[in-house]
Amino acid sequence: MELNIQYHVQLRPGDVGRYVLLPGDPGRCKLIASYFEDAKFIVQNREYVTYTGTLLGEKVSVTSTGIGCPSTAIAVEELCCVGADTFIRVGTSGGMQPNIKTGDVAVLTGSIRDEGTTPHYMPVEFPAVADLDVVLALREGAKNAGIPFHLGISQSKDSFYGEVEPDRMPVDKRLHERWKAWVAGGAICSEMEAASIFVLSSIYRKRAGGAMLMAKLDLGDGDHFDKDSGNNMEMFDINRVIKVAIEGLKILIVQDRKSR
Amino acid sequence: MPLKEFPEIMYHIHMKKGDVGRYVFLPGDPGRSEKIAQYFDDPHFVASNREYVTYTGTLLGEKVSVTSTGIGCPSTAIAVEELCMIGADTFIRVGTSGGMQPEIVPGELAIITAAIRDEGTTLHYMPPEFPAVADVEVVLALREAAEKLGNPHRLGISQSKDSFYGQHQPARMPVSDRLQERWKAWKMGGAICSEMEAASIFILSSIYRKRAGGIMLIGANQESKDPNVGHAESLDALLATAIAAVKILIVKDRAAQAA
């Protein structure tokens, strides 16, 4: 592979640190970069926006992936080519268990490969799992930030509206049955990118994890946002999960220096 | 989803509530149950039916058990189902396996973080996209135990397969191309060892909200130049590590209960 400018992310070796935060939304990169020291805008192409700065004096970056595993796999492929080796997905999701409240954070341990990208890499029986050190760092980060968190598995799906409005889909029965299975298996949140980050990181021997802000879903009535009075959507503040990711990243940086 | 509680004797494992502790070691080999029980305080034989042999004793004064699963996920799923019904909630798979990466030295311990669902049983429970993952607390206890005892170990993914000879002699199988292609994919994904039960223990534990982990002695490594050379293979290192891990869990669980 051409190691100079990467085709989609338009990055060269040196443009990013080894630690890269991966939000889905390109519009969120600037906000995340505001948590870095000396953040500067690097490049934008398609849905890929990158900023680089430092944390504890270590070079760190944020690159948006766009929605879904197809564009995310491209971002991870190309970021690996320019020297990244530790990925933290950060974004929003829907909570899949009744004890989850809006504003809680999911620290992902693994993902359901309910998507079409990773079978182009690996048979479906292979588990999409996060790196244990990243999981532990994010857990510690959530504790330090004082934000309620849950460890567990996410559903990485390809269809947003298949999740929130399954009834109007031609394959509604299948969608409902599989959703029921994921909930019974203990999945904690539904999002759209983690499985590809985890499977590619396993193949390329990189480290990956994810922290997701969760919204309480009305699990009884379709899978819409819960509109009960007890559901405080003001807690659905992306800064909560960014804090967890930044705290977790700092913990990793300190640990990596110690082990060096 | 609470499991139905059966007061009567379980159909296959021939035990009832009270016969086992919440912590259960799961070897494949029924002949190994007695050996593991020797690491308990006050072990006694509880039951034997088919491939299911159980001993119960104590560790740090806490009731613990060992139940063999037999080879493969079909019999293992039955063991886990019935053990859950009589009160078990923490499972440690303990057994032998083959290495899958060239740098792995036989004699090392593989602490399983997740398993490839290369088997037919868990599909009766859950679509294949769902990951078979170990419980983080159990993984950490196993790692801490291995570090404490100074036993060489690594963390990673196991292949839970249904065919022993499909792994060891793929070339003679009618589906040889598929077996070899998939083996190559698992290696590229970083799988560290090949065994035959973990995926079912992990998937059932996720569904029933139980905790599970696994530690495997790597007995041979077909991916290294010399598959059988390395540390002296020690079942004792494996069993001592598994026992030490459960003691760590017992202490942590007591502290959490007191808090």
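The following conversation concerns a predicted model with chains A and B.

Reader: What should I know about the conventions before we start?
Author: This is a predicted model, in which local features need pLDDT of at least 70 and side-chain atom pairs count only at pLDDT 80 or more, while totals for chains, interfaces and linings use all residues. Residues are numbered from 1 along each chain as its sequence is written, chains are lettered from A and ligands numbered from 1 in the order in which they are written, and side-chain values use heavy atoms, with hydrogens and water left out.

Reader: How many helices and strands are there in chain A?
Author: Chain A contains seven helices and 10 strands. Helices (H or I, at least four residues) and strands (E, at least two) are DSSP runs, numbered from the N terminus.

Reader: And in chain B, how many of each?
Author: For chain B the secondary structure comes to seven helices and 10 strands.

Reader: What radius of gyration does chain A have, against that of a compact globule?
Author: Chain A has 17 Å, which agrees with the value near 18 Å for a compact globule with 260 residues. The radius is taken over C-alpha atoms, and the globule rule is 2.2 Å times the number of residues to the power 0.38. Along the principal axes, the C-alpha atoms of chain A fill a box of roughly 50 × 40 × 30 Å.

Reader: What are the corresponding values for chain B?
Author: Chain B has a radius of gyration of 18 Å, in agreement with the value near 18 Å for a compact globule with 259 residues. Its C-alpha box, taken along the principal axes, is roughly 50 × 40 × 35 Å.

Reader: What share of chain A is buried?
Author: Buried residues make up 58% of the 260 residues in chain A. Here buried means under 20% relative accessible area, exposed over 50%, and partly exposed in between (1.4 Å probe, protein chains only). In chain B, 58% of the 259 residues count as buried.

Reader: What about the accessible surface of chain A?
Author: That surface comes to about 10,500 Å², and 51% of it belongs to carbon and sulfur atoms. For chain B the area is about 10,600 Å², with 54% belonging to carbon and sulfur atoms. The areas come from the Shrake-Rupley method with a 1.4 Å probe; for residues, only the protein chains shown count as cover.

Reader: Which helix of chain A is mostly covered?
Author: Helix α6 (residues 194-204) of chain A is mostly covered, with 10 of its 11 residues buried. Among them are A:I197, A:F198, A:V199 and A:L200. Just after this helix, A:R205 takes a positive phi of about 60 degrees.

Reader: Turning to A:D38, what is notable about its phi?
Author: A:D38 has a positive phi of about 50 degrees although it is not a glycine. The residue lies in strand β2 (residues 37-45) of chain A, and A:D38 is exposed, with a relative accessible area of 69%.

Reader: Which residue in chain B has a positive phi of about 50 degrees?
Author: B:D42 has that phi, and B:D42 is not a glycine. It is found in strand β2 (residues 41-49) of chain B. B:D42 is exposed, at a relative accessible area of 64%.

Reader: New topic: how many disulfides are there over all chains?
Author: The count comes to zero, where a disulfide is a pair of cysteine sulfur atoms within 2.5 Å.

Reader: Why is there no bond at A:C29?
Author: The closest cysteine sulfur, in A:C80, is 17 Å from the sulfur of A:C29, and therefore too far for a bond. A:C29 is buried, with a relative accessible area of 0%.

Reader: And which cysteine sulfur is closest to that of A:C80?
Author: It is the sulfur of A:C81, at 7.0 Å, which is too far for a bond. A:C80 counts as buried at 16% relative accessibility.

Reader: Finally, where is A:L249, and is it buried or exposed?
Author: A:L249 is found in helix α7 (residues 238-259) of chain A. The residue A:L249 is buried, with a relative accessible area of 1%.

Reader: Which residues is A:L249 in contact with?
Author: Leaving aside its neighbours within four places in sequence, A:L249 is in contact with A:Y19, A:L21, A:L55, A:V60 and A:I88. Contact means heavy atoms within 4.5 Å.
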